[in-house]
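Biologist: Could you take me on a close look at one part of this protein, the packing of its buried side chains? I'd like one connected walk through it rather than a list.

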Amino acid sequence: MYWSPRQFPSLAGRPHAEQTAIINTAIDEHGRGYRWRFIVLIAAIMAGIPLSHRALVHWVAFPLRLCVELGLVIVVLGGYHLWQTNGTIYAAVKKYLAARNPPAGERAVLILPRAARPD
């Protein structure tokens with residue numbers, strides 16, 4: 001289990017700026033709704049706070065109720081982060097790097113824009 005995308009073996013030894021660029025590009029190309037899931041999660045948390053507040057109002061005193069709600073939000077966000085890091089982001093980086101670096105024995109084809117082609 002990886003706690004951060006920077007711990008992926010395929011990104012080890014690369015500069016921080018290059019790691020960030022690879023992760024962002026991989027998510028853009030192979031992320032499959034990564035950003036939409038985050039928006040849905042935040043909306044669900046925002047909707048769940050008043051519901052949990054109303055459910056806990058009769059059983060728990062106010063300061064403890066806030067701690068319970070904050071704890072639930074932290075657990076949900078932490079679990080979501082681990083799920084995305086070890087699932088979506090890992091798969092996206094793996095696919096991106098596999099497309100960039102073909103296996104040994106296969107020839108990579110680099111198509112340059114017309115302005116960058118040597119004459």
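Modeller: Let's start with Ile-45, which has a relative accessible area of 14%; the cut-off for buried is under 20%, so Ile-45 counts as buried. You'll find Ile-45 in helix α2, which covers residues 34–56. Setting aside residues up to four places away in sequence, Ile-45 touches Val-73, Val-76 and Leu-77. Take Leu-77 from that set: Ile-45 and Leu-77 are 32 residues apart in sequence, yet 9.1 Å apart in space, C-alpha to C-alpha.

Before going further, keep in mind that this is a predicted model. The mean pLDDT of the protein is 78, and 78% of its residues reach 70 or more. Among the elements, the lowest mean pLDDT belongs to α2, at 80, and the highest to α1, at 85.

Now for the largest nonpolar core. It has 11 residues, and they are Phe-8, Leu-11, Ile-22, Ile-23, Ala-26, Ile-27, Ile-89, Ala-92, Val-93, Tyr-96 and Leu-97. Two elements, α1 (16–30) and α3 (62–100), each give two or more residues to this core. The biggest contributor is α3, with 5 residues.

Look at α1 on its own for a moment. This helix has 15 residues and reaches 21 Å from its first C-alpha to its last, close to the 21 Å expected at 1.5 Å a residue. Its buried residues are Gln-19, Ile-22, Ile-23, Ala-26 and Ile-27. If you sight down the axis of α1, those buried residues fall within an arc of 125°, so they line one face of the helix. Over on the other side of α1, Ala-17, Asp-28 and Glu-29 are exposed. Just past the end of α1, Arg-32 takes a positive phi of about 50°.

From α1, hop across to Leu-97, which sits in helix α3. Leu-97 has a relative accessibility of 8%, so it counts as buried. Leaving out residues up to four places away in sequence, Leu-97 touches Ser-10, Leu-11, Arg-14 and Ile-22. Leu-97 and Ile-22 are 75 residues apart in sequence, but their C-alpha atoms are 8.3 Å apart in space.

Phe-8 is another member of the core, and with 0% relative accessibility Phe-8 counts as buried. Beyond its neighbours within four places in sequence, Phe-8 is in contact with Tyr-2, Thr-85, Ile-89, Tyr-90 and Val-93. One of those partners, Thr-85, lies in helix α3. Thr-85 is buried too, because its relative accessibility is 0%. Apart from neighbours within four places in sequence, Thr-85 is in contact with Tyr-2, Trp-3, Ser-4, Pro-5, Phe-8 and Tyr-90.

That leaves the rings. The structure holds 5 aromatic pairs. In one of them, the rings of Tyr-2 and Phe-8 have their centres 5.2 Å apart and their planes at 80°, so the pair is edge-to-face. Phe-8 is the buried partner, at 0%, whereas Tyr-2 is partly exposed, with a relative accessible area of 23%. Ring pairs also bring in Tyr-90, linking Tyr-2, Phe-8 and Tyr-90 into a cluster.

Terms used:
Residues are numbered from 1 along each chain as its sequence is written. Side-chain values use heavy atoms; hydrogens and water are left out. A nonpolar core is a set of buried Ala, Val, Leu, Ile, Met, Phe, Trp, Tyr and Cys residues joined through side-chain atoms within 4.5 Å. Buried means under 20% relative accessible area, exposed over 50%, partly exposed in between (1.4 Å probe, protein chains only). Helices (H or I, at least four residues) and strands (E, at least two) are DSSP runs, numbered from the N terminus. Contact means heavy atoms within 4.5 Å. Rings of Phe, Tyr and Trp (its six-membered ring) pair if their centres lie within 6.5 Å; planes under 30 degrees apart count as stacked, over 60 as edge-to-face and the rest as tilted. pLDDT is the predictor's confidence in each residue, from 0 to 100. The expected span of a helix is 1.5 Å times one less than its number of residues. The arc is that of the directions from the helix axis to the C-beta atoms.
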